[in-house]
Amino acid sequence: MGVGCWRNPLLLLAALVLTARLGHFQRWEGFQEKSMSKTNMNSTLQFLMESYNNASNDTYLFQVDKLLRSQMQLTTGVEYMVTVKISRTKCKRNSTSNSCPIQSKKKLKKSFICDFLVYTVPWMNYYQLWNNSCLESKHTNKNLKFT
């Protein structure tokens, strides 16, 4: 019986201590209106637009036109809930240009208001899109979702 009897209680105690310690770091309850650092903001928005453009079947690339809202929550990394207005650019999907102006031709203009939930560990350059939803910002009410 000796050591084997103590394994489960010690394991339970270790789990309780770990839970208490993690709880110490997760004092925020829910998402908070906090501004991201410029570096984290740029890399997170770049990740979101790469994800959107890779999943889109549009002929043109989209880019963030305006950041509308940003909230964050600390967990084992950082969770961002971001609302942005994205707009179609003049660059086609195969474009290698780093500068893509927003589409100005009336027939080609298109914008969406998108909510993204992204999990990131910025110091490891790790990003994962957890949820998204886009609503066309013109007269139609098309709901778009990509994974």
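Reader: How much accessible surface does the protein chain have, and what share of this surface belongs to carbon and sulfur atoms?

Author: The model is a predicted one. Its protein chain has an accessible surface of about 10,300 Å², and carbon and sulfur atoms account for 54% of that area. As for the interior, 32% of the 147 residues count as buried.

Reader: Which elements make up the protein chain, and in what order do they run?

Author: There are two helices and five strands. Read from the N terminus, the order is α-α-β-β-β-β-β. Contacts can also be sorted by separation in sequence: among those between residues at least 6 apart, 60% join residues at least 24 apart.

Reader: How should one recognise a salt bridge, and how many are there?

Author: One looks for a side-chain nitrogen of Lys or Arg within 4 Å of a carboxyl oxygen of Asp or Glu. By this rule there are two salt bridges. In one of them, aspartate 58 pairs with arginine 88, with the closest N and O atoms 2.5 Å apart. Aspartate 58 is in the loop between helix H2 and strand E1, while arginine 88 is in strand E2, so the pair ties together parts 30 residues apart in sequence.

Reader: Are aspartate 58 and arginine 88 buried or exposed?

Author: Residues under 20% relative accessible area count as buried. Aspartate 58 has 12% and is therefore buried; arginine 88, at 11%, is buried as well.

Reader: Where do lysine 85 and aspartate 65 lie?

Author: These residues form a salt bridge with an N to O distance of 3.9 Å. Lysine 85 lies in strand E2 and aspartate 65 in strand E1, so their pairing ties together parts 20 residues apart in sequence. Lysine 85 is partly exposed at 28%, and aspartate 65 is partly exposed at 37%.

Conventions
Residues are numbered from 1 along each chain as its sequence is written. This is a predicted model: local features need pLDDT of at least 70, side-chain atom pairs count only at pLDDT 80 or more; totals for chains, interfaces and linings use all residues. Side-chain values use heavy atoms; hydrogens and water are left out. Helices (H or I, at least four residues) and strands (E, at least two) are DSSP runs, numbered from the N terminus. Buried means under 20% relative accessible area, exposed over 50%, partly exposed in between (1.4 Å probe, protein chains only). Contact means heavy atoms within 4.5 Å. Accessible areas come from the Shrake-Rupley method with a 1.4 Å probe; for residues, only the protein chains shown count as cover.
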